[in-house]
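I opened the notebook to record a few look-ups in this model. The entries follow in the order I made them.

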Amino acid sequence: MVKECKVKLKSSDDKIFEVDYAVAIQSQILNNTLGHTGCTDSALPLHNVSSQILAKVIDYCEYHVNASSTISEKDVKMWDQEFVKHLDQATLLDLLMAAQYLGIHNLQELTCQTVADRIKDKRPEDIREIFNIQNDLTPEEEEEIRCENEWAFEEEVSP
Amino acid sequence: MGANLSRVYEGDDGRPPAGYPGLADIPENCIAGIFRHLSPLDICKLARLNRAFKGAASSDLVWAEKLPVCYQDMLSKLPLSKGQFLPKKEIYALLCKPISLDNGTKEVWLDKATGGVCLAISARAMAITGIDDHRYWRWIPCEESRFHEIAYLQQLWWFEVDGVVKFQLPAGEYSLSFRLRLGTSARRLGRRVQVFNQVHGWDLKPVQFCLSTSDGQHATRGYYLDQAGEDGPVGDARGKWTDYHVGNFVVENENKLTEVKFSMTQIDCTHSKGGLSLDSVSIVPSKLQKETENKHAGCYS
């Protein structure tokens with residue numbers, strides 16, 4: 001039985017979004033909540049998600065609800081790549097955290113993979129600059145980490 | 001906090017302005033999610049980014065996924081059940097070093113970049129026709145071999161080497177190769193030199209390389225180990241250790257022992273052959289397989 005009701009979501013900056021039930025339950029958290037409360041008229045507050053990000057999350061979920069039965073896997077993948085392609089670093093990270101918070105597994109995978117692709121060939125120094133990471137480790141701690149991970153960078157001895 | 005990093009700001013190159021929150025603010029479990037999509041070496045590289053990355057880089061959840069399904073089996077081969085209670089990352093590091101099997105005649109290890117399981121089988125573990133006859137074969141210590149010795153063929157007509165290995169390999173595709181060298185090395189006047197005077201016969205007929213698995217897969221390839229030249233055989237492979245790729249096989253059921261038999265033969269007794277060094281056979285995940293370098297040696301299936 002597919003529920004036809006609409007679900008209201010409220011972003012952290014108090015904007016209301018209305019989505020189909022099928023779209024909302026792509027989020028494990030919302031699925032659990034709606035399982036208890038059923039469809040109500042009051043908006044579910046999402047304290048951790050801004051309206052800008054929630055709009056994007058909803059775009060993603062709406063596409064994927066419709067895509068599951070009608071669109072080929074290859075085309076879905078292409079759409080996903082386009083979806084993340086031009087996101088700036090901050091938006092990408094916000095999406096990643098929102099996906100984590102809301103429990104949207106495939107969006108989590110997509111955003112994690114995208115961040116991984118953007119950092120994997122870069123040196124730590126460059127990543128710090130691009131993503132604005134402050135190094136909160138002491139020089140001693142850094143040295144300790146270097147030693148602990150030395151095995152990963154040792155030259156292969158045996159043929 | 002939360003997913004609010006991307007409020008409108010001035011900056012058009014995708015970078016947050018200085019002082020703006022960034023990757024540093026995301027919780028450790030999100031970093032662990034990113035790490036699941038990075039290689040073990042990348043994770044080690046990024047461990048020193050900041051405290052949150054350091055924490056995620058040591059997470060058992062992250063490293064449990066990098067370990068192969070047979071890791072407990074590999075650990076059990078270590079002396080004194082070393083490593084049973086270590087954090088998963090340290091287990092991974094431990095298993096990247098070769099583990100001796102079957103009285104030192106075989107080794108298994110993880111490829112550190114990918115976590116792929118690799119095997120090496122020494123010449124000692126193989127059944128070599130005529131190995132006990134010093135007219136034909138000798139054992140020579142060799143620093144370039146992971147087993148520190150190689151079997152050297154002086155001269156023989158019936159050239160046959162057979163071997164088998166059994167191991168619980170994770171599912172996937174694997175490549176098998178023989179590691180061979182034409183010629184040997186010797187000390188002359190205090191220096192190590194390559195010696196090719198016994199190399200003969202390999203340009204006349206190809207050597208047949210075969211592999212087969214207990215579930216019915218098999219592959220065959222023929223290689224000329226040397227090539228005929230105007231003044232006698234010459235080959236680019238002379239003096240170089242070369243991995244002769246025999247073929248690939250697929251492991252589907254990783255809950256069973258995979259048994260792989262392999263052989264190389266050249267039993268045309270109209271000509272003798274010799275001057276060949278045999279080191280080992282290697283089995284590696286096929287994406288790690290290097291192309292057989294001896295491209296000039298003819299090859300046919």
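**Cavities.** By a cavity I mean a set of grid points where a 1.4 Å probe fits but cannot get out. The volume I quote is the space filled by probe spheres set on those points. The model is a predicted one. I counted 3 cavities of 30 Å³ or more. The largest cavity holds about 80 Å³ of space.

Which residues line the largest cavity? I listed L9(A), V19(A), V23(A), A24(A), S27(A) and L30(A). The list goes on with L54(A), V57(A), I58(A), C61(A), L102(A) and I104(A). I then sorted the lining by class: 11 residues are nonpolar, 1 is polar and none is charged. Helices α1 (21–24) and α3 (51–70) of chain A each give at least two lining residues. The largest share, 4 residues, comes from α3(A).

**Sheet in chain A.** I traced an open sheet of 3 strands, in the order β2-β1-β3, with mixed pairing. Its edge strands are β2 (16–20) and β3 (44–45) of chain A, and each pairs on one side only. Strand β1 (residues 6–10) of chain A runs antiparallel to β2(A), and 5 bridges join them. I checked one position: V7(A) has V19(A) in β2(A) as its bridge partner. V19(A) had already turned up in the lining of the largest cavity.

**Cysteines.** How many disulfides does the structure hold? I found 1 over all chains. It joins C5(A) to C39(A), with 1.7 Å from S to S. The pair links distant parts of the chain, 34 residues apart. C5(A) sits in the segment before β1 of chain A, and C39(A) lies in the loop between α2 (28–37) and β3 of chain A. I looked up exposure for both. C5(A) is partly exposed at 23% relative accessible area, and C39(A) is partly exposed at 32%.

Next I turned to chain B. Why is C96(B) not bonded to C44(B)? The closest cysteine sulfur to that of C96(B) is in C44(B), 8.9 Å away, which is too far for a bond. My cut-off for a disulfide is 2.5 Å between sulfur atoms. C96(B) is buried, with a relative accessible area of 12%. C118(B) is a similar entry: its closest cysteine sulfur is in C96(B), at 9.5 Å, again too far for a bond. C118(B) is buried at 3% relative accessibility.

**Salt bridges.** I searched the whole structure and got 24 salt bridges over all chains. I took three for a closer look.

- D14(A) and K10(A) meet through their side chains at 3.9 Å, N to O. D14(A) is exposed at 55% relative accessible area, while K10(A) is partly exposed at 29%.
- E125(A) pairs with R48(B), with the closest N and O atoms 3.3 Å apart. This pair crosses between chains, from helix α7 (residues 124–131) of chain A to the loop between α2 (40–46) and α3 (51–57) of chain B. E125(A) is partly exposed at 36%, whereas R48(B) is buried at 14%.
- D133(B) and R135(B) meet at 2.6 Å, N to O. R135(B) is exposed, with a relative accessible area of 59%.

I followed the bridge between chains further. E125(A) and R48(B) belong to a network of salt bridges that also links E142(A), E143(A) and R146(A).

**Helix α6 of chain B.** Is this helix mostly covered or uncovered? Helix α6(B), residues 88–95, is mostly covered, with 6 of its 8 residues buried. I noted the buried ones as K89(B), I91(B), Y92(B), A93(B), L94(B) and L95(B).

**Strand β11 of chain B.** Strand β11(B), residues 207–213, has two faces. V207(B), F209(B), L211(B) and T213(B) make the covered face. Q208(B), C210(B) and S212(B) make the uncovered one.

I then looked up its partners. β11(B) and β12(B) (residues 218–223) run antiparallel, joined by 6 bridges. C210(B) stands opposite T220(B) in β12(B). These two strands form a hairpin with 4 residues between them. In the turn, G216(B) has a positive phi of about 95°. β11(B) also pairs in the antiparallel sense with β14(B) (residues 258–266), over 6 bridges. There I found K261(B) as the bridge partner of S212(B).

Notes:
Residues are numbered from 1 along each chain as its sequence is written. Chains are lettered from A and ligands numbered from 1 in the order in which they are written. This is a predicted model: local features need pLDDT of at least 70, side-chain atom pairs count only at pLDDT 80 or more; totals for chains, interfaces and linings use all residues. Side-chain values use heavy atoms; hydrogens and water are left out. Buried means under 20% relative accessible area, exposed over 50%, partly exposed in between (1.4 Å probe, protein chains only). A salt bridge is a side-chain nitrogen of Lys or Arg within 4 Å of a carboxyl oxygen of Asp or Glu. Two strands pair if DSSP finds at least two bridges between them. On a 1 Å grid over the protein atoms alone, a cavity is a set of points where a 1.4 Å probe fits but cannot get out, and a pocket is an open set with protein on both sides within 12 Å along at least five of seven lines; lining residues have an atom within 4 Å of a point. Ala, Val, Leu, Ile, Met, Phe, Trp, Tyr, Cys and Pro count as nonpolar, Asp, Glu, Lys and Arg as charged, and the others, Gly among them, as polar.
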